[in-house]
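Here are a few short exercises to work through with the structure beside you. Try each task yourself before you read the solution.

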Amino acid sequence: MAMYLSAFIVGGLICVIGQLLMDKAKLTPGHTLTALVVIGAILDGVGLYEPLIDFAGAGATVPITSFGNSLVHGAMAEGEQNGIVGVITGIFEVTSAGISSAIIFSFLAALIFKPKG
Amino acid sequence: MKKATQQTDQQRIYQEFAKKREPSPSIWKNCLKAFIFGGLICVIGQGLQNFFIYYFDFNEKTAGDPTVAVLIFIAVLLTGFGVYDKIAQFAGAGTAVPVTGFANAMASAAIDHRTEGYVLGVGGNMFKLAGPVIVFGTTAAFIIALIKTIWIQWGG
């Protein structure tokens with residue numbers, strides 16, 4: 001039960017950071033999401049994102065920041081085994097589920113649904 | 001000429017005045033909405049994650065993948081029915097920052113451009129909004145992982 005609470009608070013706070021980037025820094029949603037992904041990648045680079053996932057669970061894995069974290073994670077896992085070539089081959093290893101499901105479901109949705117308005 | 005500059009001066013003063021008055025309450029409100037909706041989506045994600053841990057053979061590390069896939073599926077479905085964009089208008093970053101917002105950006109671009117054909121319309125526009133996230137995320141991750149890998153190999 002405590003996990004749900006920390007997921008709610010941490011996930012909510014990451015969204016508040018996104019909202020502040022849009023409202024205060026006047027970034028477009030595209031710039032905001034891009035900034036958050038890069039922040040997530042940097043946080044994993046310095047080893048701070050993994051503890052956040054341990055603490056908040058889905059509160060840290062559901063926001064888009066975890067996409068940056070997963071990219072670095074996949075690249076590092078292969079990089080440790082195969083060196084610099086592994087960094088390139090492993091970069092999409094962990095994020096495959098997210099990217100491929102987004103592509104497949106979006107394409108199927110375009111087949112089924114008609115644009116609104 | 002003189003009149004015009006005077007007017008813009010006045011406009012500038014008014015705009016500064018309006019700026020001071022207007023945004024502060026709406027920013028608080030927006031942040032609260034983003035906090036609640038973003039938090040709720042993460043709670044749903046946590047519920048899904050626990051479901052995959054208890055009923056399937058996933059552990060805490062691997063349960064994230066199917067959770068993200070299910071959330072994306074739900075978001076795409078809601079986008080297709082036009083529900084997600086209605087919630088997003090209210091929730092702001094609360095629905096944009098979670099991975100569901102990423103799926104929403106892709107699905108709405110794909111659906112909106114289907115009249116231009118499946119190859120150039122759907123295929124070409126699907127990444128119009130989601131593309132920057134992947135490009136910059138991948139490049140940043142590459143640089144970070146490269147530095148870390150070289151660091152580890154030379155240091156240890």
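**Exercise 1.** Decide whether Cys31(B) is buried or exposed, and find its surroundings in this predicted model.

*Solution.*
Step 1: Count the neighbours. Within 10 Å of Cys31(B) there are 23 other C-beta atoms.
Step 2: Apply the cut-off. A residue is buried if 20 or more other C-beta atoms lie within 10 Å of its own, so Cys31(B) is buried.
Step 3: Place the residue on the chain. Cys31(B) sits in helix α2 of chain B.
Step 4: Look for contacts, leaving aside neighbours within four places in sequence. Cys31(B) then touches Val16(A), Gln19(A) and Leu20(A).
Step 5: Compare sequence with space. Gly94(B) is 63 residues away from Cys31(B) in sequence, yet their C-alpha atoms are 8.4 Å apart.

**Exercise 2.** Work out which parts of chain B touch chain A.

*Solution.*
Step 1: Start with the totals. Chain B gives 59 residues to the contact, and chain A gives 59 residues.
Step 2: Name the elements. On the side of chain B that touches chain A, two or more residues come from each of α2 (23–55), α3 (64–80), α5 (93–96), α6 (99–112) and α8 (131–155).
Step 3: Pick out the largest share. That is α8(B), with 15 residues.
Step 4: Sort by character. This side of chain B has 38 nonpolar, 17 polar and 4 charged residues.

**Exercise 3.** Describe the largest nonpolar core, and follow one of its residues.

*Solution.*
Step 1: Recall a general trend. In soluble globular proteins, nonpolar side chains tend to be buried together.
Step 2: Find the core. The largest one holds 71 residues, and those with the most contacts inside it include Ile64(A), Phe102(B) and Ala103(B).
Step 3: Check the domains. At least three residues of this core come from each of domain 1 (2–125) and domain 2 (131–156) of chain B.
Step 4: Follow Ala103(B). Leaving aside neighbours within four places in sequence, Ala103(B) is in contact with Ala102(A), Ile72(B), Ala75(B) and Val76(B).

**Exercise 4.** Sum up the fold and overall dimensions of chain B.

*Solution.*
Step 1: Count the elements. Chain B has 8 helices and 0 strands.
Step 2: Take the dimensions. Its C-alpha trace spans about 75 × 50 × 40 Å along the principal axes.
Step 3: Compare with a globule. The radius of gyration of chain B is 22 Å, whereas a compact globule of 156 residues would have one near 15 Å.
Step 4: Check burial. In chain B, 41% of the 156 residues count as buried.

Terms used. Residues numbered from 1 in each chain as written. Chains lettered and ligands numbered in written order. Predicted model: local features only at pLDDT ≥ 70, side-chain atom pairs only at ≥ 80, totals over all residues. Core = buried A, V, L, I, M, F, W, Y, C linked by C-beta atoms within 7 Å. Buried ≥ 20, exposed ≤ 12 C-beta atoms within 10 Å, placed from the backbone. Domains from an automatic or database assignment. Contact = placed C-beta atoms within 7 Å. Helix = DSSP H or I, 4+ residues; strand = E, 2+ residues; numbered from the N terminus. Nonpolar A, V, L, I, M, F, W, Y, C, P; charged D, E, K, R; others polar. Rg over C-alpha atoms; globule rule 2.2 N^0.38 Å.
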